[in-house]
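Could you walk me through a structure that I am meeting for the first time, one question at a time?

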Amino acid sequence: LLLHSSCSISVSTAVNLCEIRIKDCEKLTRVIRIDPHESWLLPKFLGKGGEVVSQLQTECDCKISIWKDELMVCISGNDEENVAKAKQLYDAIANQARKEHVYFEIPESAINVFVGKSGSNMKNLAKTHQVQIERVKKSTTKIRVFGDETCVNNAISAVKAWVDKWEAKNKGNIMVLESGEIEFLLSRSKFLIRDVEKKHGVKIEADPTRCTVVVRSKLNSAREAASASISFLIDNFRNALAKQEAVETKKENVIVAEGNHAQTDMKKYEKEPQSTQDNCGDVVENVPTVLKDITQQDMANVTRPHVTQNKASSLFNLLISDEAPPSEVAHSHEQWDSSTVSSVLENDSVAENSVPAGNYYKSAGGFAVRL
């Protein structure tokens, strides 16, 4: 249910009303889910032609719906007492059916002997106790005994006595294993079990439900040898499983370590660099060595005083300008080194000669500049 409104109070009120209504409906509806291993109860509850369900609906004035695929029974009605009564009648029918239909496990090595040739032994036992005994489909060791409750109890007692007598003659070593180990032994169509049976001349019964393995033989030495072989197989399986888990754990640790290292590096580079630039010779911290020279040049250009740039610009303008030099330059008595003067300016006549405009510049102070 989706309840929505622009008013939160309205939504809360609606939720409370829905919860109250659901509780009322639960009183008028009972849903019964049947376990898969008791699916045989549905035909008993339906009855022949559905007569049992029809009788309950008429007697309790309610509706009973059955879904075989979902193994579900739903009882609903308009009166709470009638629904509860129908539920009680269903429980009574189910309990009585369980007493009249009993399932029993026969040891795998003994099932053929118990059934007999063409089922002769099993038929004689059923006839003696006036019950019906049949093997359960999709199971090699389970039988079903059904009939009158008293007769069924007597038949089950007789079956137990037969099994006890057979086990006394065919002693076995019982081994309790984990479910995964049982699956390992039963893999590949019981190849491992069959190999051990052939090697030691024994019979091995593996029960996945009880997680047990029974090794049977009349010879105690054969039973012990077969049990040792199974233990060896299980130990190898456990060691292989432990190695696989160790490899997977190591891989997980490596992945976690790499992730932590990457996070550490990311945090390191996310920090703002702290500059200690106080003059042109200083370099920003955390700068790679490869970039130090470039950084020094760039920082020198950035931090050079503007006065130096202004003086260079003034000197260039002085050299190429036709205007008279300022008085502070014209009356300067500063000594010039003649070696710094270009060799093309050997005398004043050179400056007076015609010079290509694109290459030379002439100043009123007597200087000629070639760019």
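The questions and answers below go through charged pairs, surface patches, a hairpin and some backbone angles.

Me: Before we begin, what kind of model is this?
Reply: The coordinates do not come from an experiment on this chain, and local features are taken up where pLDDT is at least 70. The model is therefore to be read as predicted.

Me: How many salt bridges does the chain hold?
Reply: A pair is counted when a side-chain nitrogen of Lys or Arg lies within 4 Å of a carboxyl oxygen of Asp or Glu. By this rule the number of salt bridges is 10.

Me: How many residues apart in the chain are Glu38 and Arg98?
Reply: Glu38 and Arg98 form a salt bridge in which the closest N and O atoms are 2.9 Å apart. This pair links distant parts of the chain, with Glu38 in the loop between β1 (29–33) and α2 (41–46) and Arg98 in helix α4, and their separation is 60 residues.

Me: Is Glu38 buried or exposed?
Reply: A residue counts as buried when its relative accessible area is under 20%. The relative accessible area of Glu38 is 16%, whereas its partner Arg98 has 33% and is partly exposed. Glu38 is therefore buried.

Me: Which strands are tied together by Arg144 and Glu134?
Reply: The side chains of Arg144 and Glu134 meet in a salt bridge, at 2.5 Å from N to O. Because Arg144 lies in one strand and Glu134 in another, the pair ties together parts that are 10 residues apart in sequence, namely strands β6 and β5.

Me: Which residues are linked in a network of salt bridges with Arg216?
Reply: One salt bridge of Arg216 is made with Glu167, where the closest N and O atoms are 3.4 Å apart. That pair joins helix α7 (residues 149–169) to strand β9 (residues 212–216), across 49 residues. The network of salt bridges links Arg216 with Glu167 and Glu205.

Me: Which residues gather in the patch of negative charge on the surface?
Reply: One member, Glu80, lies in helix α4 (residues 80–100) and is partly exposed, with a relative accessible area of 41%. Another member, Asp61, lies in the loop between α3 (51–60) and β2 (63–67) and counts as exposed at 58% relative accessibility. The patch consists of Asp24, Asp61, Asp79, Glu80 and Glu81.

Me: What accessible area does the nonpolar patch on the surface have?
Reply: The patch is formed by Leu1, Leu3, Val15 and Ile22. Among them, Val15 is found in helix α1 (residues 8–28) and counts as partly exposed at 31% relative accessibility. Taken together, the four named residues have an accessible area of about 390 Å².

Me: Which residue in the turn of the hairpin of β2 and β3 has a positive phi?
Reply: β2 and strand β3 (residues 72–76) pair in the antiparallel sense over five bridges, and Ser65 stands opposite Cys74 in β3. Four residues lie between the two strands, and the one in the turn with a positive phi, of about 50°, is Leu71.

Me: What is the phi of Lys138?
Reply: Most residues other than glycine have a negative phi. Lys138 lies in the loop between β5 (132–135) and β6 (142–146), and it is exposed, with a relative accessible area of 91%. Its phi is positive, with a value near 65°.

Note on methods. Residues numbered from 1 in each chain as written. Predicted model: local features only at pLDDT ≥ 70, side-chain atom pairs only at ≥ 80, totals over all residues. Heavy atoms only, no water. Patch = residues over 30% accessible without salt bridge, like charges linked within 9 Å, V, L, I, M, F, W, Y side chains within 5 Å. Areas by Shrake-Rupley, 256 points an atom, 1.4 Å probe, with all protein chains shown as cover. Lys, Arg positive; Asp, Glu negative; His and termini not counted. Charge placed at Lys NZ, Arg CZ, Asp CG, Glu CD. Buried < 20%, exposed > 50% of the residue type's maximum accessible area, 1.4 Å probe, protein only. Pairing = 2+ DSSP bridges.
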